[in-house]
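Colleague: I should like to go through this model with you, one point at a time. Please give the reasoning before each result.

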Amino acid sequence: MELMRLGPAGREKPAVRHEGAVYDLSGVTADIDGVFLAAGGIATVRQALAARSLPELADAELLRVGAPVARPGAVVCVGQNYAAHAAETGDPPPSTPIIFFKHPNTVVGPDDEVVIPPTAEKVDWEVELAVVIGRRASYLSSHEEALGCVAGYAVSNDVSERDFQLHRSGGQWSKGKCCPTFNPLGPVLVPAENIGDPQGLRLYSTVNGEARQDSSTADMVFGVAEIIRHLSQYMTLEPGDVVNTGTPQGVALSGRFPYLRAGDTMTIGIEGLGEQRQTVVSH
């Protein structure tokens, strides 16, 4: 079962892909968002699939794929959360999660164009496991509680402009993270119960067909459960919020690869969660 949002930007329809077919969820919910998730929407969709009461979307393959969750209230990110990635940036693994934010309006569809800002020179890719929150998370005391607040998982590309992030930032990272189109998300939201352990997923990226990243979420410094538990001590995560959990080694910041240029194509994927593909364009 994979939740999707299909159609033109700003007018996406909620849908579910199940056993090779795509079904319209418009009769179940207006959208896949925090309200839907908080109300037990995933269970409702399972019931509708079991009852075979959903109409099929025959033209689904012709529709644009949007981000699988609408209007996240927050996009919270974890930095340097893979030891090898920390090493390639010249830093030791962090002793506590490094947290920064992306503006929620950076979230776009998984195959939408990524736009290079006018003065940007160092635009970078970052494949990440995105966690979508399904239940309010505040002052959680255990990993079990933390995982109980997870609605599902998706592929995320935490696009970054490294000069903005590191040299024009004043000590914060968000200037390099918040440009328009800098967070392609999707193609699908897979419910947590369909994934099981999130710490054994292969994630990878290519640029123009050449391998860049190839790793596993097993290499995270802080796993999903600890990230959510930790965040809940400092902020309240709400249903529909997105948590980007960090990227493995193999980014342009390492010095091993050139930064992105107009015309480049990124392919970003995670085992069991699908694949996204973006073309880079100039502003």
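Modeller: A definition comes first: a residue counts as buried under 20% relative accessible area, as exposed over 50%, and as partly exposed in between. Please note also that this is a predicted model.

Colleague: With that cut-off, is Asp24 buried or exposed?

Modeller: The relative accessibility of Asp24 is 14%. Buried means under 20%. Asp24 therefore counts as buried.

Colleague: Which residue forms a salt bridge with Asp24?

Modeller: The closest N and O atoms of the pair are 3.9 Å apart, and the criterion for a salt bridge is within 4 Å. The pair links distant parts of the chain, with Asp24 in strand S3 (residues 21-24) and its partner in strand S2, 11 residues apart. The partner has a relative accessible area of 40% and is partly exposed. The residue is Lys13.

Colleague: Strand S2 also holds Arg17. Which residue meets the side chain of Arg17 in a salt bridge?

Modeller: Arg17 is partly exposed, at 32% relative accessibility. Its partner lies in strand S1 (residues 2-6), 15 residues apart from Arg17 in strand S2 (residues 13-18). The N to O distance is 2.7 Å, and the partner is Glu2.

Colleague: Is Asp214, which forms a salt bridge with Arg202, buried or exposed?

Modeller: The salt bridge has its closest N and O atoms 2.9 Å apart, and it joins strand S15 (residues 210-216) to strand S14 (residues 202-207). Arg202 is partly exposed at 40% relative accessibility. For Asp214 the relative accessible area is 53%, and over 50% counts as exposed. Asp214 is thus exposed.

Colleague: How many salt bridges does the count come to?

Modeller: Some of them share partners: Arg5, Glu12, Asp31, Asp33, Arg64, Arg71 and Asp112 are joined in one network. The protein has 22 positive and 34 negative charges, whose mean positions are 4 Å apart. The salt bridge count comes to 21.

Colleague: Turning to the whole chain, what is the radius of gyration of the protein?

Modeller: The secondary structure comprises 7 helices and 18 strands. For 283 residues the globule rule gives 19 Å, and the computed value is close to this, so the protein is as compact as a globular protein of that length. The radius of gyration is 18 Å.

Colleague: What percentage of contacts between residues at least 6 apart in sequence join residues at least 24 apart?

Modeller: Buried residues make up 58% of the 283 residues. Among the contacts you specify, the share joining residues at least 24 apart is 74%.

Terms used:
Residues numbered from 1 in each chain as written. Predicted model: local features only at pLDDT ≥ 70, side-chain atom pairs only at ≥ 80, totals over all residues. Heavy atoms only, no water. Helix = DSSP H or I, 4+ residues; strand = E, 2+ residues; numbered from the N terminus. Rg over C-alpha atoms; globule rule 2.2 N^0.38 Å. Buried < 20%, exposed > 50% of the residue type's maximum accessible area, 1.4 Å probe, protein only. Contact = heavy atoms within 4.5 Å. Lys, Arg positive; Asp, Glu negative; His and termini not counted. Charge placed at Lys NZ, Arg CZ, Asp CG, Glu CD.
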